[in-house]
Amino acid sequence: MEEFSTGTDPRVPAVKPDKPSPVEEAPPLLEASAAVSEDAGVDKDLLCPICMQIIKDAFLTSCGHSFCYMCIITHLRNKSDCPCCSQFLTNNQLFPNFLLDKLLKKTSARQISKTASPVEQFRQALQQGYEVTIKELDNLLSFLVEKKRKMEQEEAERNMQILLDFLHCLRMQKVDELTEVQTDLQFIKEDINSVERHRMDLYRARDRYSVKLRMLGDDSSTRKPWSSSTDKNSSGIVSSSLNIRGMSAGNLQNKKIDGKTQLNGHGSQRKDALSGVDSQGFNQSGLSVARKKRVHAQFNDLQECYLQKRRQLANQPHMKQESDKNVIHREGYIAGLADFQSVLSTFTQYSRLRVIAEVRLGDLFHSANIVSSIEFDRDDELFATAGVSRRIKVFDLSMVLNEPADVHCPVVEMSTRYKLSCLSWNKQWKNHIASSDYEGTVTVWDVTTRQSLMEYEEHEKRAWSVDFSRTDPSMLVSGSDDCKVKVWCTKQEASVLNIDMKANICCVKYNPGSSNYIAVGSADHHIHYYDLRNISSPLHVFSGHKKAVSYVKFLSENELASASTDSTLRLWDVKENLPLRTFKGHTNEKNFVGLTVNSEYIACGSETNEVYVYHKEISKPVTWHRFGSQEMEDADEDGGGSHFISAVCWKSDSPTMLTANSQGTIKVLVLAA
């Protein structure tokens, strides 16, 4: 097995082609043998002993043997003997064999006559002077004309039958398409009616809320000044009991002015509120236009998604009855339309990636800053990075977001002996994190004490991937270039399971719903899905990638995403063992560029130094973001080479994502409208 990992670049291993087994070639057959088989009816005495063909231009030797003239002349240029009896022979001892030539010509004519068609035989007979009368020729011509007409008629009938068969097939195909289109139109009609009814309900509800708000606004504008003046008058009356003559006309005038001021104040507040509503409506209108543009830009993919969901529901009535219960009461739609509305809402919700924080690890011009892995902890409060710098650095996300410094200090830093390839936080024990390195060591760390808890050194070559089980925190799995998948338990010092495979292991991942199932991405271009209770053979092998599978990630218990160096991502259904979708747009031909998923989105890196985000239902990218700065451009000009995204990680069910590239730059990105 050959690794294409030169220098510090984390490159995906490729399968070295096996040496082709030598093919046993059959001994070449003499051309003469073929000639003999073709002329099986010819007397072997008429064949040239040298070329084993019928003798051409026969010549007789002094010893009495006959050969083709060219055959014997060529032979005598190399040897001076007879090919049959080895007697001394020269060119002067060759004589033309006229009798044999005549006999051979007759034999050849007989052979041709046997194999020739009747037309050819008739032509040869006429050429040889066979006498035919005019009447016989007229009869023959009439017969040939009728034969020609009959053949033309049969040919025309065959052509018509072929055309008719084609038209029937085309008609059946178009009828099927028409039926499908009519069914789709019926779906669309039903859904339009459902949406219109639901929209009218929303309009009525909005009108009711508007009326209530207007009434509340009117009440507040009329009652509050009146009540305040009433309170003031009442307080004046109370005070007049102490000083009956103390209230002057000036005081009364001041109170009137105060009342008017309060009325004017409430009026201005209402105007401000209305202007705020207008500006908000303008912003909402702008967002609606932008979302409509995104719909039209990906209309074909969205159309396919809609029809697929509607047809799937129609073809599975039992699933329809089960899934409709909650959706119909909640939305007023059938499940297929509700599912598509969810896709449409999430797909059009975002159009770009916005940088909200940036971290730079060390020297920008040093190639040992490649971040191979970046992962959030259980609570999405901390994130850890690892790579060829031989350090695990743990950062506090809130500090990174709130502090303006370009270079952020990690809250925890742990040194390792070798370059690191992968990290995996334990999703139940917050302080435990596992790492795999270039020497094949799998280590479990305690972030609190900064010490290693367990070290497993059974892998014989570089370990590319490690993953903790979500359901059993004591179990973890790793894969290596030694073509082995090993399952470990933190309570034991040795591996508990070992799966031998035929190619390098690039990635391993536990199913989030069970510690019994794992997905393994391999350099053999396949994804092997195993039940650890029976490792003799995989449950299923997913085929489709054309190069090594570099990452596998679960979106749910049934949905698995994979990345490959064929520049594609693929989505699989591990329950039904079906391919669901292929995603294209990014570039990935040799490096590990990262893969991360959440319930709706899939994100990966690219060797163009860009991060790409896909919606799981749409094959084209939703948006992408390019890493770039003046410092990076200067580094490229100075020979730093092209850079690539090396690690990505979503914050759980959030539009926030961590990304890192081969220069050690980490960006916190968020999906934005």
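# Questions on a predicted model

Me: Which residues does the UniProt annotation "domain: RING-type" cover?
Reply: The annotation comes from an unreviewed UniProt entry; such annotations may be inferred rather than shown by experiment, and their feature names are shortened and their positions given in the numbering used here. This is a predicted model, in which local features need pLDDT of at least 70 and side-chain atom pairs count only at pLDDT 80 or more, while totals for chains, interfaces and linings use all residues. Residues are numbered from 1 along each chain as its sequence is written, and side-chain values use heavy atoms, leaving out hydrogens and water. The RING-type annotation covers residues 48–86.

Me: How far apart are the end C-alpha atoms of residues 48–86?
Reply: Helices (DSSP runs of H or I, at least four residues) and strands (runs of E, at least two) are numbered from the N terminus. Over residues 48–86 the chain is 26% helix and 18% strand. The C-alpha atoms at the two ends are separated by 16 Å.

Me: Which strands do the buried residues of helix H2 pack against?
Reply: Helix H2 spans residues 69–78, and its buried residues (under 20% relative accessible area; exposed is over 50%, partly exposed in between, with a 1.4 Å probe and protein chains only) are Cys71, Ile72, Ile73 and Leu76. These residues pack against two strands, S2 (66–68) and S3 (94–96).

Me: How many strands does the protein have?
Reply: Of the 673 residues in the protein, 39% are buried. Among contacts (heavy atoms within 4.5 Å) with a separation of 6 or more, 51% join residues 24 or more positions apart. The protein has 11 helices, and its strands number 31.

Me: Which residues of the repeat annotation "WD" come with an end-to-end C-alpha distance of 8 Å?
Reply: In the unreviewed UniProt entry, "repeat: WD" covers residues 456–488 and 542–582. One of these spans is 0% helix and 55% strand, with its end C-alpha atoms 8 Å apart. That span is residues 456–488.

Me: Which strands stand at the edges of the open sheet S13-S14-S15-S16?
Reply: Strands pair through backbone hydrogen bonds in a sheet, either parallel or antiparallel. This open sheet has four strands with antiparallel pairing (two strands pair if DSSP finds at least two bridges between them). Two strands each have a single partner strand, so one side of each is left without a neighbour in the sheet. The edge strands are S13 (463–468) and S16 (497–500).

Me: Which residue of S16 stands opposite Lys484?
Reply: Strand S15 (residues 484–489) and S16 pair in the antiparallel sense over four bridges. The residue of S16 opposite Lys484 is Asp500.

Me: Is Cys483 buried or exposed?
Reply: Cys483 is found in the loop between strand S14 (475–480) and S15. Its phi is near 65°, a positive value in a residue other than glycine. Because its relative accessibility is 13%, Cys483 counts as buried.

Me: Which residue of S19 does Gly521 stand opposite?
Reply: Another open sheet of four strands has the order S17-S18-S19-S20, with antiparallel pairing. S17 and strand S20 (540–542) stand at its edges, each with a single partner strand, so one side of each is left without a neighbour in the sheet. Five bridges join strand S18 (residues 517–522) to S19. The residue opposite Gly521 is Ile527.

Me: Which strand gives the largest share of the largest nonpolar core?
Reply: A nonpolar core is a set of buried Ala, Val, Leu, Ile, Met, Phe, Trp, Tyr and Cys residues joined through side-chain atoms within 4.5 Å. The largest one has 30 residues, and Ala519, Ile527 and Val552 are among those with the most contacts inside it. Elements that give two or more residues to this core include strands S17 (505–510), S19 (527–531) and S21 (549–554). The largest share, four residues, comes from S21.

Me: How many residues are in the second, separate core?
Reply: This core includes Leu337, Tyr350, Val611 and Ile645. Its residues number 24.

Me: Which residue of S8 is the bridge partner of Arg391?
Reply: Strand S7 (residues 391–396) and S8 run antiparallel, joined by four bridges. Strand S8 (residues 412–415) has a covered face, Val412 and Met414, and an uncovered one, Glu413 and Ser415. The bridge partner of Arg391 is Ser415.

Me: Is Asp653 buried or exposed?
Reply: Asp653 lies in the loop between strand S29 (645–650) and strand S30 (656–661). Its phi is near 45°, a positive value in a residue other than glycine. With a relative accessible area of 62%, Asp653 is exposed.
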